[in-house]
Amino acid sequence: HDHPSLSKIVVLFAVSGGGLVAYAEANSGAQAIVPVEAESKKKRVVVLGTGWAGTSFLRNIKNPTYDIQVISPRNYFAFTPLLPSVTCGTVEARSVVEPIRNIVRKKNMDIRFLEAECVKIDAENKKVHCRTSNGTNLNGKEEFVVDYDYLVIAIGARSNTFNIPGVEENCKFLKEVEDAQEIRRSVIDCFERASLPNLSDEERKRILHFVIVGGGPTGVEFAAELYDFVNEDLVKLYPRVKELVNITLLEAADHILNMFDKRITEFAETKFRREGINLKTGSMVVKVTDKEISTKEKTGEASSIPYGMAVWSTGIGQRPVVRDFMKQVGQASRRALATDEWLRVEQTDSIYALGDCATINQRKVMEDIVAIFSKADKDNSGTLTAKEAREVIADICERYPQVELYLKNKKLGDVVDLLKESKGDVKEESIELDIAEFTSALSQVDSQMKNLPATAQVAAQQGAYLADCFNRMEQCEKYPEGPLRFRGEGRHRFRPFRYKHLGQFAPLGGEQTAAQLPGDWVSIGHSSQWLWYSVYASKQVSWRTRMLVISDWMRRFVFGRDSSRI
Ligand code: FAD
């Protein structure tokens, strides 16, 4: 009524496509459509990568108020724990992959996929620069830029060659589905080549020498798979060369499977040695040529190993785009992209990183913990009484669950017990907690809080955690539920990421698997192999891949593995 000129205008807003359009019915009675230059109100979330972390994020995101753009050079999710099985045809490559479009199609949300790789992250302008992937049908190299409000970096890592000469050119890697397929072809290739006439026995022996570098779970599993493939299937098909086959596993440390319980390591080493797998520990590769691997033993002795096929599996390094981005945000000297416990990249406000490309910066946690203590030390004496210390520790445990977890694992009530343990039998009332001393005691906690392992388990849990934060972003802005803020008042919006270790497997071949479950429960043998089958079948991302994987296992039981070189 106060604005007669406006009173006769009916404005209807409708959201159409990506933009907002206003329909105005003016006084004249004529209809006019006035496009309003307003952007979609939805927050744009760009997700880089369709691996464990990215896919888990996409599967768990539920809040329809986001406009989600997924960018990855591969249009599928790959179930990496089964890649060693793909190298020998125990499981087919297509059985372990699920199209990402299939995964997001089922969600009633605005999620789009672009098959391209991100080549540059421009944090200042909130843009990612992308290039269409190599190897697509079109073979084009189109470039484009995508804007974001939030960026989720989940682009994983690549194999680390430690710049050892010749590795990149001569070794196979086991990281992607294509790598597994290539290894499968190469193994058969070696057997076919070794069967050709006019070769000396020495040359045949070289061609049939398979060397695996790296005694971690992937290297060990591949060695075991290869041993089974050779002894269960290939020896029947290539009887003339079967005596010449050799498998060597090289590991720089003193033992293989270092991250597992000692019982598992011992069992695996004994099993491999009994089967005739040449296990060389304390052996560091220094150079690789097309026919030889040069090593240096711990004793200082150098040796040269002729080989036919070498698989490099010694750990992971950062992708170039992540390395460039780390320089941009002042993290050039780090091993991986450092985030806080809420998975946000340090020195940024809307970029999150998870999975193999990221690491939670625990040094910061330690700094915070020490600062909490100093704050509690009101008289600046450098000490706290046991009672004060307990209160502070309760506070720290609330903020940093890792500390609580560490104390629980050590079967200690709190850090005062930890100090008692290090100081010997002292009476609680007499404990004066020296902050400096405490810091050194906490270095044990620090090593416990060391980087999370680069596993699918961590990546998937981080993806689910971050999706949950995004789902509750608005609600939590109003009602923060996380731990108390150390700097300033109030609480954090979300609880920090908390990793829940569900155990790990190490398949050792011959239908035997080692399982290390929480609470140091170790099981090795055929029963664990069945546990492995059921866990991996249940963890498949779709019923389609579940059925494919199970039928591959059954096919292998009945007909053996296929040795066609296709
Ligand atoms: P990835 O799963 O590697 O996904 C990275 C994604 O980013 C991919 O989609 C990739 O195409 C995409 N990408 C790459 N570059 C770009 C770019 N420039 N722009 C956009 N996207 C990009 N873990 C376990 O817990 N248990 C196991 O048994 C196990 N077995 C394994 C066996 C093998 C052979 C391997 C290689 C790994 C295994 N792992 C296992 C480790 C596990 O696979 C990784 O920890 C996990 O894949 C990490 O997930 P991620 O999402 O960080 O990276």
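# Exercises on a predicted model

Buried positions of helix α6 include V177, D179, A180, I183, R184, S186, V187, I188, C190, F191 and A194. The structure is a predicted model, and the exercises below work through its helices, cores, salt bridges and aromatic pairs.

**Exercise 1. Work out what span helix α6 (residues 177-194) should have at 1.5 Å a residue, and compare this with the distance between its end C-alpha atoms.**

Solution. Begin with the length, which is 18 residues for α6. The expected span is 1.5 Å times one less than the number of residues, so the helix should span 26 Å. The end C-alpha atoms are 26 Å apart, which agrees with the expectation.

**Exercise 2. Which residues does F191 contact, once its neighbours within four places in sequence are left aside, and which residues have the most contacts inside the largest nonpolar core?**

Solution. Start from F191, a buried residue of α6, whose contacts beyond those sequence neighbours are L208, F210, V230, L234, Y238, V241 and V245. Next, turn to the largest nonpolar core, which has 100 residues and in which F57, I68, F191 and F470 have the most contacts. Helix α8 (residues 217-237) supplies the largest share of this core, namely 10 residues. At the level of domains, at least three residues of the core come from each of domain 2 (43-157 + 318-358) and domain 3 (167-317 + 502-559). Finally, another core lies apart from this one, with 24 residues that include C130, Y148, M326 and L337.

**Exercise 3. Locate the salt bridge between D254 and K298, and decide how far apart in sequence the parts are that it ties together.**

Solution. The structure holds 25 salt bridges, and in this one the side chains of D254 and K298 meet with an N to O distance of 2.9 Å. D254 lies in the loop between β15 (246-251) and α9 (262-275), whereas K298 lies in the loop between β18 (292-297) and β19 (302-306), so the pair ties together parts that are 44 residues apart in sequence. As for accessibility, D254 counts as partly exposed at 44% relative accessibility, while K298, at 61%, counts as exposed.

**Exercise 4. Classify the partners of the salt bridges E481 with R472 and D552 with R555 as buried, partly exposed or exposed.**

Solution. The classes rest on relative accessible area, with under 20% taken as buried and over 50% as exposed. For the bridge between the side chains of E481 and R472, at 3.5 Å from N to O, E481 has 28% and is therefore partly exposed, and R472, at 21%, also counts as partly exposed. For the bridge between D552 and R555, the closest N and O atoms are 3.6 Å apart. Here D552 is buried, with a relative accessible area of 7%, whereas R555 is partly exposed, with 22%. The two residues are three apart in helix α19 (residues 543-559), so about one helical turn separates them. Elsewhere, a network of salt bridges links E232, D233, E511, R556 and R561.

**Exercise 5. Describe the setting of Q462: its helix, its accessibility and its contacts.**

Solution. First, Q462 belongs to helix α16 (residues 456-471). Second, its relative accessible area is 5%, so Q462 is buried. Third, apart from neighbours within four places in sequence, Q462 is in contact with L343, L354, G355, I360, L452 and F497.

**Exercise 6. What geometry do the aromatic pairs Y352 with F470 and W532 with W553 have?**

Solution. The whole structure contains 17 aromatic pairs. In the pair of Y352 and F470 the ring centres are 5.5 Å apart and the planes make 70°, an edge-to-face arrangement. This pair links distant parts of the chain, since Y352 is in strand β23 (residues 351-353) and F470 in helix α16, 118 residues away. Both Y352 and F470 are buried. The pair of W532 and W553 is tilted, with 5.8 Å from centre to centre and 45° between the planes. W532 lies in helix α18 (residues 526-538) and W553 in helix α19, so parts that are 21 residues apart in sequence are tied together. W532 is buried at 4% relative accessible area, and W553 counts as buried at 8%. To finish, W532 and W553 belong to one aromatic cluster, which also includes W52, F77, F79, F505, W530, Y533, Y536 and F557.

Note on methods:
Residues are numbered from 1 along each chain as its sequence is written. This is a predicted model: local features need pLDDT of at least 70, side-chain atom pairs count only at pLDDT 80 or more; totals for chains, interfaces and linings use all residues. Side-chain values use heavy atoms; hydrogens and water are left out. A nonpolar core is a set of buried Ala, Val, Leu, Ile, Met, Phe, Trp, Tyr and Cys residues joined through side-chain atoms within 4.5 Å. Buried means under 20% relative accessible area, exposed over 50%, partly exposed in between (1.4 Å probe, protein chains only). Helices (H or I, at least four residues) and strands (E, at least two) are DSSP runs, numbered from the N terminus. Domain bounds come from an automatic or database domain assignment. Contact means heavy atoms within 4.5 Å. A salt bridge is a side-chain nitrogen of Lys or Arg within 4 Å of a carboxyl oxygen of Asp or Glu. Rings of Phe, Tyr and Trp (its six-membered ring) pair if their centres lie within 6.5 Å; planes under 30 degrees apart count as stacked, over 60 as edge-to-face and the rest as tilted.
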